[in-house]
Each structure stands twice: as C-alpha cells, then as structure tokens.
Amino acid sequence: MCLTCGCLFGGKGNKLRFKVEGYTKENAREIKESLLGLPGVYNVHIHAHNGETTINYNPAKTPLTQLTAEFSQRGLTALL
C-alpha cells in the first residue's frame with residue numbers, strides 16, 4: 001500500500017515498476033495519458049513526488065522498448 005495516497009495498485013497483465021527521475025505534475029499527467037494510449041497498456045499508476053511508476057501491460061502488444069521510449073522522449077529517466 002502506498003503511504004502517500006493509500007492505493008492498492010493491482011491489475012491485469014505483466015506489471016513493471018519503474019523509478020522515474022524528472023517528474024513534474026504536468027509531465028506526469030502527460031506521460032500517463034501517453035502510455036494509456038499505447039495498445040496493450042491496461043493501467044498506469046504514477047507517484048510524481050518520488051518517481052514510483054507502475055505499469056500493467058501486455059508485452060505481446062507493447063514492447064518494453066516502446067514504454068521506455070515514451071519516458072525518453074520527454075527527457076525522463078526510467079529505471080527498472
């Protein structure tokens with residue numbers, strides 16, 4: 001459970017957890033919308049305050065390289 005928002009993040013598909021550096025409230029919202037627009041991305045949960053990011057997705061529809069490219073295109077560093 002997240003201590004900040006109390007979320008119990010779950011979901012279907014494969015789950016990846018990233019630590020992302022460089023979030024602002026604005027770019028966190030933008031990247032979330034962008035990721036959710038990719039085929040096979042089911043859920044995205046971002047904590048901009050500490051960079052914790054969880055993505056549930058289907059790797060047969062969206063490869064990991066496509067996910068990480070979304071961060072790179074915005075000047076963000078995403079570490080698994």
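Which residues does Tyr57 touch, not counting those up to four places away in sequence? In this predicted model, Tyr57 touches Lys12, Gly13, Asn14, Leu16, Gly40, Val41, Tyr42, Thr62, Leu64 and Leu67. Tyr57 is located in strand S3. Its relative accessibility is 6%, and Tyr57 therefore counts as buried, the cut-off for this class being under 20%. One of the residues touched, Leu67, is ten residues from Tyr57 along the chain, and the C-alpha atoms of the two are separated by 9.6 Å.

Leu67 also belongs to the largest nonpolar core, which has 16 residues. The residues with the most contacts inside this core are Tyr23, Leu35, Val41, Ile55, Leu67 and Phe71. At least two core residues are supplied by each of strand S1 (14-21), helix H1 (25-36), strand S2 (41-47), strand S3 (52-57) and helix H2 (64-72). In soluble globular proteins, nonpolar side chains tend to be buried together.

The surroundings of Phe71 were examined in the same terms. When residues up to four places away in sequence are not counted, Phe71 touches Val20, Tyr23, Ile31, Leu35, Thr53, Ile55, Leu76 and Ala78. Among these, Tyr23, Leu35 and Ile55 are listed, like Phe71, with the most contacts inside the core.

A polar contact was found in strand S2, where His47 has its place. The side chains of His47 and His45 are joined by this polar contact, at 3.0 Å. His47 counts as buried because its relative accessibility is 6%.

Conventions
Residues are numbered from 1 along each chain as its sequence is written. This is a predicted model: local features need pLDDT of at least 70, side-chain atom pairs count only at pLDDT 80 or more; totals for chains, interfaces and linings use all residues. Side-chain values use heavy atoms; hydrogens and water are left out. A nonpolar core is a set of buried Ala, Val, Leu, Ile, Met, Phe, Trp, Tyr and Cys residues joined through side-chain atoms within 4.5 Å. Buried means under 20% relative accessible area, exposed over 50%, partly exposed in between (1.4 Å probe, protein chains only). Helices (H or I, at least four residues) and strands (E, at least two) are DSSP runs, numbered from the N terminus. Contact means heavy atoms within 4.5 Å. A polar contact is a pair of N or O atoms within 3.5 Å; within protein, one must be able to donate a hydrogen and the other to accept it, and residues adjacent in sequence count only if both atoms are side-chain atoms.
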